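Hi everyone, thanks for coming. Today I'd like to walk you through a structure step by step, so please have the sequence and the 3D view ready.

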Amino acid sequence: MALDERKKIEINSIARLLDELDYFQILKVPQNVSLEELKSAYFRESRNYHPDKFYNEAPDINKKVTAIFKRITEAYKILSDNETRAIYTEGINGAQRAKNLRYIHGVQGGPPKEDEGQTPLGRKYFQMGKIAFNNMDYKGAKINFQLALKMEPKNESFQKRLAEVEEVIRGKK
Amino acid sequence: MGDKVIGIDLGTSTSAVAIVEDGIAKVIPNENGELIHSSVVSFLEDGSRLVGNEAKSRLLLDPENTVYSAKRLIGRKFFSSEVKKAQAICSYNILEGDNQDVRIEIRGKQYTLSEIGAFVLMEMKRIAESAVGEEIKKAVITVPAYFNDGQRQATKDAGTIAGLQVLRIINEPTAAALAYGFGKGLNQKIAIYDLGGGTFDISVLEIGDDIFEVISTAGDTFLGGDDFDDRFIDYLAEAFFKEHNIDLRTDKLALQKLKSAAELGKWDLSENLETSIEIPAIAETMAGEIELKANITRNYFNKLVYDLIQKTFKVCDEALQEASLTVDQLDSVILVGGPTKMSIIREAVESYFFKTPQTGINPEEVVALGAAIQGAALMEASSGSLLLDVTPMSLGIATAGGLMDKLISRNTPIPTEMSRIYTTTRDNQESVNIRIYQGEDSKYENNEPLGEVRLTGIRPARKGEAKVKVTFEINADGIVEVGAMDVDTGQAQRITLNISGGLSRDQIDELRDKYSDNGADVAARPE
């Protein structure tokens, strides 16, 4: 049974957008959804995206659908528990929304952490800068923070740290 | 064309095979018209094998070379208590293999448990092919809901060795629920009480038209009908010992005779209030042959097995608690497994659930039917019912402090994945070993070890600065896959857990090829 084009397009776009949607959006429910309606939504979306319904399709469709379905059950699990739902809802409505779209135990719900960098090199230079700073090698720290900032010009922690070390250097003169 | 799927219930004591034809699921009979087949493999002197009810009749003729209840051993480690127990009471030889695996030795040859399972599956395949008239390559095979990762994988391997493409491993209670509710448009909350020969499972499901959602599942893989037999055997053996100072259980043939008598006696007590056992010439002394004669009442037997029955309800309590339901919120209870035909079980279940268990469903056929329905649903993916099953045990990682760090809690719907970020515990730590466990105890050492993931090449950094993202996946078979990645370098390492003790891909392929020119090996069927 061939999968119709419309369905394929739908799956492809959702799979692509998956990491930009929050759990409510994935289940297509409002943030104040009742438990009962949440369950209906879970059943409804499962009918649409359960990998068993795509068992005979091409592997890449199957992979995408599986990723979508896993997210659906993840969403249902987190939202159907009052505690995790509360933490999650707060996380996605705050300033750090983008980072809180997936509920990760041990990371979610804590005080806002310093943004250590979003790119491997940015992180690397930032770490080195911090180490240098702790060793009182302020020149070295400054260079590393500048390099880190080059990798991620918009990173506020990097900007902050750089400003900090420049201040220290100015103060020492 | 040639794309038929069979559903196989590979049970501890009995197996069955079913297929969906013209939209109706049917259990397939063998040439003798039998629908239920003993999960027994007998190895004959001429090198051939017998599987099924005929093999079972050889238990008394050739106990050393007849293997039964192998499912109690599949996927287990040699040092586990279940294996130790089996060694003491089984009539066939159980040995240690590589990696603490278990091997069965018959006539000088060693077999893995997956091979024994494969022999039974081959017979199910043969029965189906004989009835259907064409080669069958695909199957859905069931396992107890509470089977862990190693047991599931070993069962799947058995299917591969048998020359089958295993489309899915599904849980027995879920399969039973599917057979019960398929096409009926039900909206119910049900409990499946599944007492098999070697395992007990309970699953609580919500059926919403075409969706079968498992809400919670719990089980005991050390509890089954065989244990009821063992109590009976012990009773007979101990009475005999008092009288004659001989422990019949040390003699393999005598043990088998006791087992057969216990089995029959157990069923007799379902009908009658008392039964008598007579086994002539069970032992020899200087005075000649002695016979065993004993009486037992239903009341007394009930007392002997009372604690076993209570154990099942303790597990039921757990499942209901996890589901946040009470017994009166359930609409139906369904019995699965041969042992549930015992009247004491039926009565106890009725009393616990405050309702009469569903009748009209054969507890020995329902699982195979459900497996066949699921097989057909997968082949015809767009329509049919949907199973939303769960993983029965929590999955986690061992931490330095001895605690179990849970990543995926039990009763999470599958397929599922969860990630966790871990940091290094030493400066300049280069590699991270992650030991994976399944179970509910807060200390990892009390849980079931699954395997190990090793991530290497972590960049040198102070402790706590390097971060590892570990992603756990449990697929639709309930089998675990793990990936780990250094968050900073982006270096990924993806492995499928190979539980130490499981068969490698190559070994499985080798065995499958070895048995695929099968005809010569299997004993000729009587005309």
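Let's begin with a pair of strands in chain B: β8(B) is joined by four bridges to strand β9, residues 102–106, and the two run antiparallel. Keep in mind throughout that what you see is a predicted model. If you want one spot to click on, find B:Ile94, which stands opposite B:Ile104 in β9(B).

Now zoom out a little. Which strands make up the open sheet here, and in what order? There are three, in the order β8-β9-β10 of chain B, and their pairing is antiparallel. The strands at the edges are β8, residues 93–96, and β10, residues 109–112; each has a single partner strand, so one side of each is left without a neighbour in the sheet. From one strand to the next, the twist averages 40°. And something lies across this sheet: helix α3 of chain B, residues 113–132, crosses β9 and β10 of chain B and runs at about 80° to β10(B).

Here is a reminder for anyone new to sheets. Strands pair through backbone hydrogen bonds, and they can do so either parallel or antiparallel.

Next, let's move to the start of chain B and look at strand β2, residues 14–21. How many of the eight residues of β2(B) are buried? Seven of them, so to speak a strand that is mostly covered. β2(B) also has several partners, and we can take them one by one.

The first one to look at is β1, residues 5–10 of chain B, joined to β2(B) by five bridges in an antiparallel arrangement. These two strands form a hairpin with three residues between them. Within the pair, B:Ile8 stands opposite B:Val17 in β2(B).

Then there is β3, residues 24–27 of chain B, which has four bridges to β2(B) and again runs antiparallel to it. B:Glu21 stands opposite B:Ile24 in β3(B). This is a hairpin too, with two residues between β2(B) and β3(B), and B:Asp22 in the turn has a positive phi of about 55°.

Finally, β4, residues 37–38 of chain B, is joined to β2(B) by two bridges, also antiparallel. Here B:Thr14 stands opposite B:Ser38 in β4(B).

There is another open sheet in chain B that I'd like you to see. Four strands form it, in the order β21-β20-β23-β24, with antiparallel pairing. At the edges stand β21, residues 404–408, and β24, residues 448–455; each has a single partner strand, so one side of each is left without a neighbour in the sheet. The twist averages 30° from one strand to the next. Strand β20, residues 395–398, is joined to β21(B) by four antiparallel bridges, and B:Gly396 stands opposite B:Lys406 in β21(B).

Let's step back to the domains of chain B. The domain assignment gives domain 1 as 5–185 + 360–387 + 508–516, domain 2 as 225–302 and domain 3 as 395–500. How far apart are the centres of domain 1 and domain 3 of chain B? Taken over C-alpha atoms, 32 Å separate them. The two domains do touch: nine residues of domain 1 are in contact with eleven residues of domain 3. On the domain 1 side, α4 (149–161) and β12 (165–171) of chain B each supply at least two residues. α4(B) gives the most, with five residues. By class, that side of domain 1 has one nonpolar, four polar and four charged residues.

Now over to chain A, and to helix α6, residues 120–134. This helix has 15 residues and reaches 21 Å from its first C-alpha to its last, close to the 21 Å expected at 1.5 Å a residue. Its buried residues include A:Tyr125, A:Phe126 and A:Lys130. Among what covers the buried residues of α6(A) are α7 (138–151) and α8 (156–172) of chain A. After α6(A) comes A:Met136, with a positive phi near 65°.

Last stop: where the two chains meet. Here 25 residues of chain A are in contact with 22 residues of chain B. On the chain A side, α3 (35–49), α4 (59–79) and α6 each supply at least two residues. Which element of chain A gives the most to that side? It is α4(A), with six residues. The residues on this side of chain A divide into nine nonpolar, eight polar and eight charged.

That's my tour. Thanks for listening!

Key
Residues numbered from 1 in each chain as written. Chains lettered and ligands numbered in written order. Predicted model: local features only at pLDDT ≥ 70, side-chain atom pairs only at ≥ 80, totals over all residues. Domains from an automatic or database assignment. Contact = placed C-beta atoms within 7 Å. Nonpolar A, V, L, I, M, F, W, Y, C, P; charged D, E, K, R; others polar. Expected span 1.5 Å × (residues − 1). Buried ≥ 20, exposed ≤ 12 C-beta atoms within 10 Å, placed from the backbone. Pairing = 2+ DSSP bridges. Axes fitted to C-alpha atoms, helices over the stretch in contact; angles between N-to-C directions.
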